[in-house]
Amino acid sequence: MADEIQFMHEELTNLSNEIQSGIDELKKNAKRFSPDVRNEKVAYLQDRVNRSKDVLASFRVELREVLKEAGRATYSDYEAKGKVHNANVNKLATDLETFRVAEEKKELLKGAKAKKGVEEEKGGNATIEKAKEVQHQTAAALGRGAQLVQKMEEVGLETNLHLKSQTEQMKNTNADVEKVDAGIAAAQKAVKDIARKMASDKMIM
């Protein structure tokens with residue numbers, strides 16, 4: 001039993017050293033590693049942590065047998081080693097998870113910044129296109145306004161000509177009326193003259 005638990009102790013020690021070295025490497029070369037390489041190394045170290053937890057669970061079971069077969073002193077020695085291994089495994093698991101979360105957060109921030117840049121570029125292009133559209137609409141409106149002014153000028157000119165024609169007609173009508181009035185006045189005068197002459201002739205007779 002002591003041989004088996006000693007083998008587990010050595011394996012846990014080697015695993016802890018391997019995991020610690022892997023985490024140190026990741027921290028040192030975090031910027032140099034691509035996201036895929038980094039994720040691959042993190043996944044491998046997580047597998048090593050899981051292996052350490054499995055060995056540690058077996059270590060605890062074996063420790064109970066050591067107490068029965070090897071005595072209290074050997075048990076106490078490996079019990080202390082087990083506590084150290086437990087603390088190391090928990091610390092390494094926490095360190096690895098903290099590193100993984102921090103790197104994922106950095107990647108998310110990079111992605112958000114890149115997306116923001118693309119959106120700002122798209123927004124700038126959309127603003128330019130909108131300005132062009134407004135400019136086009138303004139030009140079209142000005143063109144329609146110019147056409148309307150020209151049409152109004154044409155209508156005004158036509159109206160003036162029509163009014164001038166009507167004025168001429170009214171002048172001609174007034175002249176005709178004056179001629180008729182003059183004719184009527186002459187006729188009335190002639191009738192009066194004839195009437196006076198006839199009256200004079202009767203008196204002479």
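## A predicted three-helix chain

In this predicted model, Ser16 has its place in helix α1, which covers residues 2-28. Is Ser16 buried or exposed? Ser16 has a relative accessible area of 9%, and because a residue counts as buried when this value is under 20%, Ser16 is buried. Once the neighbours within four places in sequence are left aside, the residues in contact with Ser16 are Asn88 and Leu92.

The chain as a whole can now be described. The protein chain contains three helices and zero strands, and from the N terminus on its elements follow the order α-α-α. Of its 205 residues, 17% count as buried, and the chain exposes about 15,500 Å², of which carbon and sulfur atoms supply 57%. If one takes the contacts in the protein chain with a separation of 6 or more, 79% of them are accounted for by residues 24 or more positions apart.

The second helix, α2, has 35 residues, and the distance from its first C-alpha to its last is 50 Å, which is close to the 51 Å expected at 1.5 Å a residue. Which residues of α2 are buried? They are Arg38, Val42, Leu45, Val49, Ser52, Val55, Leu56, Phe59, Glu62, Leu63 and Val66. Just after α2 comes Gly71, a residue that takes a positive phi of about 100°.

The largest pocket is the next topic, and it holds about 150 Å³ of space. The elements that give two or more residues to its lining are α2 (35-69) and α3 (72-204), and the largest share, four residues, comes from α3. The lining is made up of Ala30, Lys31, Phe33, Ser34, Pro35, Arg38, Glu103, Lys106, Glu107 and Lys110. Arg38, which is one of these lining residues, is also among the buried residues of α2. The table sorts the lining of the largest pocket by class.

| Class of lining residue | Number in the lining |
|---|---|
| Nonpolar | three residues |
| Polar | one residue |
| Charged | six residues |

Taken together, the model shows a chain of three helices with zero strands, in which Ser16 of α1 is in contact with Asn88 and Leu92, while the lining of the largest pocket draws two or more residues from each of α2 and α3.

How values were computed. Residues numbered from 1 in each chain as written. Predicted model: local features only at pLDDT ≥ 70, side-chain atom pairs only at ≥ 80, totals over all residues. Heavy atoms only, no water. 1 Å grid on protein atoms, 1.4 Å probe; cavity = no way out; pocket = protein on both sides within 12 Å on 5 of 7 lines; lining within 4 Å. Points joined across faces, edges and corners; volume = space filled by probe spheres on them. Nonpolar A, V, L, I, M, F, W, Y, C, P; charged D, E, K, R; others polar. Expected span 1.5 Å × (residues − 1). Buried < 20%, exposed > 50% of the residue type's maximum accessible area, 1.4 Å probe, protein only. Contact = heavy atoms within 4.5 Å. Areas by Shrake-Rupley, 256 points an atom, 1.4 Å probe, with all protein chains shown as cover.
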